[in-house]
Number of protein chains: 2
Amino acid sequence: MFEAVELHKKVSKEDFTKEVLELRTQLLKAQYELKDTKSSVIVIISGVEGANKSGVVNRLNEWLDSRWIRNHAFWDETDEERLRPFQWRFWRAMPPRGTMAIMFGSWYTQPIVNHALGKWHGSQLDAEMRRIEELERMLTDDGHVIIKFWFHLSKSAERKRLKGKAKNRLTKLAKKYLKSYDDFVASSARAIQQTDTGNAPWHLIDAEDNRYRDLKAGKILLERVREILERQKSSAPSASRAPKTMPTLTGRTVLDTVDVEKKISDAEYKKQLEKYQDRLRQLAWTAREARRSVVAMFEGWDAAGKGGAIRRVTAALDARLYSVISVAAPTDEEKARHYLWRFWRHLPRDGYFTIYDRSWYGRVLVERVEGFARQDEWMRAYQEINDFEENLALHGVILCKFWVHISADEQLRRFKEREATPWKQHKITEEDWRNREKWDAYAQAINEMVMRTSTTFAPWTVIPGNDKKVSRVEIVKYLSNRVEKALEKK
Amino acid sequence: MFEAVELHKKVSKEDFTKEVLELRTQLLKAQYELKDTKSSVIVIISGVEGANKSGVVNRLNEWLDSRWIRNHAFWDETDEERLRPFQWRFWRAMPPRGTMAIMFGSWYTQPIVNHALGKWHGSQLDAEMRRIEELERMLTDDGHVIIKFWFHLSKSAERKRLKGKAKNRLTKLAKKYLKSYDDFVASSARAIQQTDTGNAPWHLIDAEDNRYRDLKAGKILLERVREILERQKSSAPSASRAPKTMPTLTGRTVLDTVDVEKKISDAEYKKQLEKYQDRLRQLAWTAREARRSVVAMFEGWDAAGKGGAIRRVTAALDARLYSVISVAAPTDEEKARHYLWRFWRHLPRDGYFTIYDRSWYGRVLVERVEGFARQDEWMRAYQEINDFEENLALHGVILCKFWVHISADEQLRRFKEREATPWKQHKITEEDWRNREKWDAYAQAINEMVMRTSTTFAPWTVIPGNDKKVSRVEIVKYLSNRVEKALEKK
């Protein structure tokens, strides 16, 4: 694959100077136009050792306006990164819309190195490449541009380079890479071939001549940014892509399989709740020792009692071990990224709990029903969410997803009660009543959500909620059972 | 000091239930009103071992609306935290305006523990308390409320508690604390007395009876939040506090001591630049090994050549070792916090460089001259900035502050040149011309800034900039000298 790149291409100093002047003007112009779009540009810098990737990064920074660019080097992994799912450190570096990020090292580096050094089987590499492909599709579907550069040197050119920079601190590591050049190139080729997609193609560049290398990279960058600028001009805003009328809900659904009317006595409630809270309390410490994290996610009808249930969970936990994330309107930093970004950022470190009060499922619930997300957006969200949850599961995160279910009558009763109780009044708004009118549309969205996102690694748990005592006991019970089982396995 | 707290106060279950109902209603109401103010509330939970601080945190979370509250436990320090100045992890947790943060553990914990265990001298504790006092004043000056709780147990009460929870995983540590109870209480008393200020007073609470403890904490929280709500209502918006007319600038100033006209030949430029870039390149690797971080901060007149100078610095650095932060308009997450927050968040880990293109000095430059900050705000900013930089210096950060200076004539020449050069046109805007008209006001602000913030630990370096070659060489030279000297010392 790389033979086509090893062509010893060169650019003279004069040609370089001349071409750069024009290129630079155009790059700045493109960057300036990009600023007002909804797209961000991710530039991935990768390639063989000795290709002087640092030089390319510096050159691009020299040409571009630094106000709309950030550089991220994925090099030393910090413990905060190591203690979270693999992709976390990359999500952390996602650029806001209208700007660029240059990623020196990327989600490709570790998998390729692992495979080249024989730590990973081919199938592990392939599986990781599939996940990366999904990540990249998710980003490009959201309008972002991913430009993947691979800077290549033939074995003889690499040897020449490495000898030439004897003083550099990386020499030792570099020698090691030279020794494993063939393995490294084979692993890279395998990774590249699997991820050379239409939406995020690879650009292989001969790195023997610095001027050729930088000019080529700059030109490709310009071309790809122009492409997205053109596309933004041509595609009309989304009116035509608004959700179609949804078919009305008929027949028995997933939600109907739950006995919402289930009841429990006060005495039984107290006994059971205490029992499972005690269990959860102990398990949280065990999970901490075992370095396993827990994500407990709560969705449910308005007034279903999510908040009260969450407090019964946290009452069992030491305050040092958990965070509760209440999902409200996104901040502008959040709006400027893919919708999953705001959930990635709050993932717990290994050994801790994060409890989400509402979640990433807003995309296929309120955003779908209220038309905040276009149909194509919420349609592909099911797959995006499954991929996200798979990433958590792979890292060993114990994920529990609760849907707290109540009947429409019970909701009405609670709304009225809230209006009558002084310290509950702030919990009931016009919006709640408006949402209630769309009960059937929500029911349909919920059913579809539960069906499409109940995976083996992240099943939904539907909790009967008309009796709050029942839902609280069942949640704490289910959670402690799940954590217990998960801790037994590993 | 603590004797006044050890009064074995108790609250009966009936009284508790009755009082909580009213308290909770009022707390929710206060929290709801707080939402629309510019104040955030920081609740610090501290006290002796066995006081069940986790229980208080859970109770407050039970009473309050979780949508506007976040809990932060400062317990395990991550390496990302350890590799930055001490206060970084707390700045990281600062709540946005209108919300609350409950801090379990705080900036007090480590200093008190260090002193109690004999790792720190009294003078070290006192010095740290002074810095904390300044941090708290900075926050309360900005309109935030700091509520500091100390939950106390007498020695005999603590012993009783610790025996009672034999199953708890902290037992071992708890026993250790019991042994050092007297030392711990003495250190705490010393810390508390020094930081019991009018703007951020301590609230000592007897923790023997859980109900008394929680009710008392809840009531104080309510009272303090109400205070700030009252204050917000009474104080008129800031029209009356707008900057007074500034005296015109006369006589010779700090800036005049620099020979802006200094020149250098092309040959000399090339030779010198390469020499100091080579030096800086090596030093950056040495700094990484020595785990020392560098903050290089660039301020200067519009068109002074900051960007070009920064590129000459980064050209000498491996792209993995530095980040450039271009300071533009703050995001809403940044606006929702103290103005220094956005600079704290980008501080480098030990071993890395962060380069700020414009900086925290915006507060006393553009915000002062344009009236974006009130006079009292920019007046106190000098002290706040000095404190911030002292925090960096104490941690061992190598801080270089450059003012790139050009004459008014040279600026005019460059503005015109920018308008005539295609790829520089985006760099010149109406705003630049408007700022230029305020040259004298800026000159006064700059002089005052340099005088008030040139400290022994963070001196200003004024760079002559009419000849870009001179400024670039001087910056790279100064930076490499500073890094070299700093590395020799430790």
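A crossing of two helices is right-handed if the near helix is turned clockwise from the far one by less than a right angle. Keep that in mind for a helix pair in chain B of this predicted model: helix 2 of chain B and helix 10 of chain B cross in the right-handed sense. Beyond that pair, here's a quick tour of chain A, its two domains and its contact with chain B.

**The helix pair in chain B**
- Helix 2 (residues 53–63) of chain B packs against helix 10 (residues 210–234) of chain B at about 55°, and their axes are 10 Å apart.
- Angles from 65 to 115 degrees would count as roughly perpendicular and those under 35 as roughly parallel, so helix 2 of chain B and helix 10 of chain B come out as oblique to each other.
- On the helix 2 side, the contact uses B:Gly55, B:Val56, B:Arg59, B:Leu60 and B:Trp63.
- Helix 10 of chain B answers with B:Asn210, B:Arg213, B:Asp214, B:Ala217 and B:Gly218.
- Sorted by class, this contact of helix 2 with helix 10 of chain B has 4 nonpolar, 3 polar and 3 charged residues.

**Chain A at a glance**
- Chain A has 20 helices and 10 strands.
- Its C-alpha trace spans about 85 × 50 × 40 Å along the principal axes.
- Chain A runs to 490 residues, and 38% of them count as buried.
- If you look at contacts in chain A between residues at least 6 apart in sequence, 84% of them link residues at least 24 apart.

**Two domains in chain A**
- The domain assignment splits chain A into domain 1 (2–235) and domain 2 (254–489).
- The C-alpha centres of domain 1 and domain 2 of chain A sit 39 Å apart.
- Where these domains of chain A meet, 17 residues of domain 1 are in contact with 17 residues of domain 2.
- On the domain 1 side, helix 4 (88–91) and helix 6 (122–141) of chain A are the elements that give two or more residues.
- Helix 6 of chain A gives the most to that side, with 5 residues.
- By class, the domain 1 side divides into 9 nonpolar, 1 polar and 7 charged residues.

**Where chain A meets chain B**
- Each chain puts in 38 residues: 38 from chain A and 38 from chain B.
- Elements of chain A that give two or more residues to this contact include helix 1 (13–34), strand 2 (69–73), helix 12 (306–314) and strand 7 (322–326).
- Helix 2 of chain A supplies the largest share of the chain A side, 5 residues.
- That side of chain A has 13 nonpolar, 13 polar and 12 charged residues.

How values were computed. Residues numbered from 1 in each chain as written. Chains lettered and ligands numbered in written order. Predicted model: local features only at pLDDT ≥ 70, side-chain atom pairs only at ≥ 80, totals over all residues. Axes fitted to C-alpha atoms, helices over the stretch in contact; angles between N-to-C directions. Helix = DSSP H or I, 4+ residues; strand = E, 2+ residues; numbered from the N terminus. Parallel < 35°, antiparallel > 145°, perpendicular 65-115°, else oblique. Contact = placed C-beta atoms within 7 Å. Nonpolar A, V, L, I, M, F, W, Y, C, P; charged D, E, K, R; others polar. Buried ≥ 20, exposed ≤ 12 C-beta atoms within 10 Å, placed from the backbone. Domains from an automatic or database assignment.
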